[in-house]
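User: I would like to go through this model slowly and ask, for each label, what earns it.

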Amino acid sequence: MNVTTTKLKILLAVIKELDGKVPGLEKTMHESISIRFSFTEETDRGCALLAVSFLEQSIEKCLSKKLIGSKNHKKLLFDFNGALGNFSNKLSIAYSIGLIKKNEFDELQRIRQIRNLFAHSFEHLTFESKEISEKIKLFKLNPKRSSKTNRSIFISTVFYLLGTFQGLEIKEKEFEILRETTEMDIEELKNIIEEAGY
């Protein structure tokens with residue numbers, strides 16, 4: 001048994017133990033490990049497209065908990081032609097409702113731009129290509145830059161953000177409506193307005 005396998009077994013044992021304190025952690029960690037291994041098998045283009053796909057799914061799960069409405073209503077929101085049907089719109093609303101911080105929003109926008117460069121270019125691009133490399137140099141959430149390739153910086157930044165969303169997904173509760181408007185509320189409001197002489 002090599003050192004990596006031993007470390008992985010220890011990590012999985014610790015995660016299993018922590019799952020009792022944080023339900024859902026073990027499942028999330030297994031998903032993360034699976035995602036990490038899937039990146040290693042991809043080309044640079046495939047890695048960027050897959051990364052954004054995983055980030056988009058994670059953001060959508062978090063947003064689904066924060067937004068009200070039936071399953072069908074949310075399905076229409078996140079549908080291809082819906083208001084939140086693309087990654088850019090999901091990022092904008094996630095930032096606007098405070099789900100993500102400004103620095104995370106900025107980093108996700110850079111990741112989205114990198115994905116778009118890969119997705120819409122007929123040229124053979126890599127993480128070392130000039131226009132992509134320039135965007136990766138702007139990354140701020142990846143603290144370890146020494147002796148890393150642009151690809152590894154990209155992947156570790158994506159994993160930092162995925163971890164953030166997975167943590168939010170575990171701890172966030174379903175959205176609670178602060179106050180539902182009823183017919184009575186509207187009538188009371190009309191009476192107050194009329195009594196005030198408006």
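**Labels and the values behind them**

Analyst: Lys-90 is a good place to begin, because its relative accessible area is 2% and this residue is therefore buried. Please keep in mind throughout that the model is predicted.

User: What makes 2% enough for Lys-90 to be called buried?

Analyst: A residue is called buried when its relative accessible area is under 20%. Lys-90 has 2%, which is under that limit of 20%, so the label buried follows for Lys-90.

User: What is the partner of Lys-90 in a salt bridge with an N to O distance of 2.8 Å?

Analyst: The partner is Glu-56, whose side chain meets that of Lys-90 with 2.8 Å from N to O. The cut-off asks for a side-chain nitrogen of Lys or Arg within 4 Å of a carboxyl oxygen of Asp or Glu, and the 2.8 Å between Lys-90 and Glu-56 satisfies it. Because Glu-56 belongs to helix α3 and Lys-90 to helix α5, the pair ties together parts that are 34 residues apart in sequence. Glu-56 is buried too, with a relative accessible area of 18%, and a network of salt bridges links Glu-56, Glu-60 and Lys-90.

User: Why can side chains of opposite charge pair?

Analyst: Such pairing can occur when their charged atoms come close.

User: How do you know that the buried residues of α5 are on the same side of the helix?

Analyst: The buried residues of α5 are Phe-87, Lys-90, Leu-91 and Ala-94. Around the axis they cover an arc of only 100 degrees, and that places them on the same side of α5. What these buried residues pack against is α3 (44-66), α4 (71-78) and α6.

User: What is found at the start of α5, and what is found just after α5?

Analyst: At the start of α5, a side-chain oxygen of Asn-86 comes to within 3.2 Å of the backbone nitrogen of Ser-88. Just after α5, Gly-98 has a positive phi of about 85 degrees.

User: Why is the aromatic pair of Tyr-95 and Phe-105 called stacked?

Analyst: Two values have to be set against their limits here. Ring centres must lie within 6.5 Å for a pair, and planes under 30 degrees apart count as stacked. For Tyr-95 and Phe-105 the centres are 4.9 Å apart and the planes differ by 20 degrees, so the pair is a stacked one. Tyr-95 is in helix α5 (residues 87-96) and Phe-105 is in helix α6 (residues 102-120), and the two are ten residues apart. In all, the count comes to four aromatic pairs, and ring pairs also link Phe-118, Phe-127, Phe-139 and Phe-154 into a cluster.

User: Are Tyr-95 and Phe-105 buried or partly exposed?

Analyst: Tyr-95, at 32% relative accessibility, is partly exposed, because that value falls between the limits of 20% and 50%. Phe-105, at 14%, is buried, since 14% is under 20%.

User: What does the salt bridge of Arg-151 and Asp-44 tie together?

Analyst: The closest N and O atoms of Arg-151 and Asp-44 are 2.6 Å apart, which is within the 4 Å limit. Arg-151 lies in helix α8 and Asp-44 in helix α3, so this salt bridge ties together parts that are 107 residues apart in sequence. Arg-151 is buried at 19% relative accessible area, and Asp-44 is buried at 17%.

User: Where do Lys-130 and Glu-134 lie, and how many residues apart are they?

Analyst: Both lie in helix α7, four residues apart, about one turn of the helix. Their side chains meet in a salt bridge of 3.3 Å, N to O, and the structure holds six salt bridges. Lys-130 is exposed, because its relative accessibility is 62% and exposed means over 50%. Glu-134, at 40%, is partly exposed.

User: What makes Asn-150 buried, and what does Asn-150 touch?

Analyst: The relative accessible area of Asn-150 is 10%, which is under 20%, so this residue is buried. Asn-150 lies in helix α8 (residues 150-171). Leaving aside residues up to four places away in sequence, Asn-150 touches Phe-127, Glu-128, Ser-133 and Ile-136.

Conventions. Residues are numbered from 1 along each chain as its sequence is written. This is a predicted model: local features need pLDDT of at least 70, side-chain atom pairs count only at pLDDT 80 or more; totals for chains, interfaces and linings use all residues. Side-chain values use heavy atoms; hydrogens and water are left out. Rings of Phe, Tyr and Trp (its six-membered ring) pair if their centres lie within 6.5 Å; planes under 30 degrees apart count as stacked, over 60 as edge-to-face and the rest as tilted. Buried means under 20% relative accessible area, exposed over 50%, partly exposed in between (1.4 Å probe, protein chains only). Contact means heavy atoms within 4.5 Å. The arc is that of the directions from the helix axis to the C-beta atoms. A polar contact is a pair of N or O atoms within 3.5 Å; within protein, one must be able to donate a hydrogen and the other to accept it, and residues adjacent in sequence count only if both atoms are side-chain atoms.
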